[in-house]
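Student: I've got a protein model open and I'm not sure how to read it. Could we go through some features together?

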Amino acid sequence: METSVPGGLRIGALSKRAGVSEHVLRAWETRYGLLSPTRSAGGYRLYSESDVRRVQRMRAFLAKGLSAAEAARAVLSERSTVAADPVSVRKAEAGGVANLRAALDDLDERAAHHVLDELFGALTIEAVIRDVLIPYLHELGDRWGRGQVSVGQEHFASNLIRSRLAGLAPGWGGGQGPRALLACPPGELHDIALLSFGLVLRRSGWRVIYLGADSPMADVEHAATVLGPDLVMLSASDPARFDSVRTQLVQLAQTTSLALAGPGASTELAAAVGAQYVDSDPVTAAEQWTDR
């Protein structure tokens, strides 16, 4: 029997709470990105109270005569007005980075997932990314530069966080919303910020085509030509990654809405190639984009 468990609801419990069959819930999650489950240490998909509210809002829009695609887009474009438990929020914000640091420094996968379960249970995905994960990753990079963290610890932490975020993005190319093509230029391996940007876009109803790290420019150009995205976002941590493909950037900017992000981007580079420069954190950048 499906029940609620620490960190969220199994899909059977969500189905009973929301009055929608498991089959339909899975379809809404896959096709429209309506739900944002996390995963338990045992690999189970867990759904939050925010997921329950989104399903309820979906049903309300369907009852008004909207199609499933229209209803999902309307739900995802809404900003949640229901505040999480303030005690849980304060606890998560105060201890999130410290607890995550301790678990990841010890290479303790189970403990790290437990911390992330608590965070995603108390905060929105946007808050976890902006207020916990991004600050932690910046700190991790600084500590690595000072020799306080080993290469193995840095790789372990980055890979675990990346895999956890990637698990929140099933079927994120589905739906009928605006389309974004996201990639890192050749040689760029750091894509967590870009992945975070895509997640927030998806939660606002966008369709995301994610090419990810170390993407050949020929593949980016081909995808842009075939798909006609409303936005092409390239992110790099090193200016050299963009400098090596400057000619292709100019060509791409002539045919699509191109934006450059990450420490490797700059106002000067964006102006030179005809692109837009994004200098804010990935969550803020995505929210600003969806408000245009």
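Tutor: Sure! Let's begin with one residue: Ile-161 touches Leu-100, Leu-104, Leu-133, Tyr-136, Leu-137 and Ile-192, leaving out residues up to four places away in sequence. Keep in mind that this is a predicted model.

Student: What should I make of a set of contacts like that?

Tutor: Here's the general idea: in soluble globular proteins, nonpolar side chains tend to be buried together. In this model, the largest nonpolar core has 51 residues, and Ile-161 is among those with the most contacts inside it, along with Leu-100, Tyr-136 and Leu-165.

Student: Which helix gives the largest share of this core?

Tutor: That's helix H7, residues 125–145, which supplies 10 residues.

Student: Next, the sheet. How do I read its strands?

Tutor: Strands of a sheet pair through backbone hydrogen bonds, either parallel or antiparallel. Here you have an open sheet of five strands in the order E6-E5-E7-E8-E9, and the pairing is parallel.

Student: Which strands stand at the edges?

Tutor: Strand E6 (207–212) and strand E9 (276–277) do; each has a single partner strand, so one side of each is left without a neighbour in the sheet. Helix H10 (residues 217–227) packs on the sheet, where H10 touches E5 (179–183), E6 and E7 (231–235). The direction of H10 makes about 175° with that of E5.

Student: How many bridges join E8 to E9?

Tutor: Two, with E8 covering residues 258–261 and the strands running parallel. For instance, Ala-259 has Gln-276 in E9 as its bridge partner.

Student: What about aromatic rings?

Tutor: For a ring pair, look at the distance between centres and the angle between planes. This structure holds one aromatic pair. The ring centres of Trp-172 and Tyr-210 are 5.5 Å apart and their planes lie at 50°, so the pair is tilted. Trp-172 sits in the loop between helix H8 (151–166) and E5, while Tyr-210 is in strand E6, 38 residues apart. Both Trp-172 and Tyr-210 are buried.

Student: One last residue: is Asp-51 buried or exposed?

Tutor: Asp-51 counts as buried because its relative accessibility is 0%. You'll find Asp-51 in helix H3, residues 49–63.

Student: Which residues does the side chain of Asp-51 reach with its polar atoms?

Tutor: One polar atom of that side chain lies 2.9 Å from the backbone nitrogen of Ser-48. The Asp-51 side chain also makes a polar contact with the side chain of Arg-54, at 2.5 Å. Beyond neighbours within four places in sequence, Asp-51 is in contact with Leu-14, Leu-34, Leu-35, Ser-36 and Pro-37.

Note on methods. Residues are numbered from 1 along each chain as its sequence is written. This is a predicted model: local features need pLDDT of at least 70, side-chain atom pairs count only at pLDDT 80 or more; totals for chains, interfaces and linings use all residues. Side-chain values use heavy atoms; hydrogens and water are left out. Two strands pair if DSSP finds at least two bridges between them. Helices (H or I, at least four residues) and strands (E, at least two) are DSSP runs, numbered from the N terminus. Contact means heavy atoms within 4.5 Å. Axes are lines fitted to C-alpha atoms, for helices over the stretch in contact, and angles run from 0 to 180 degrees between N-to-C directions. Buried means under 20% relative accessible area, exposed over 50%, partly exposed in between (1.4 Å probe, protein chains only). A polar contact is a pair of N or O atoms within 3.5 Å; within protein, one must be able to donate a hydrogen and the other to accept it, and residues adjacent in sequence count only if both atoms are side-chain atoms. Rings of Phe, Tyr and Trp (its six-membered ring) pair if their centres lie within 6.5 Å; planes under 30 degrees apart count as stacked, over 60 as edge-to-face and the rest as tilted. A nonpolar core is a set of buried Ala, Val, Leu, Ile, Met, Phe, Trp, Tyr and Cys residues joined through side-chain atoms within 4.5 Å.
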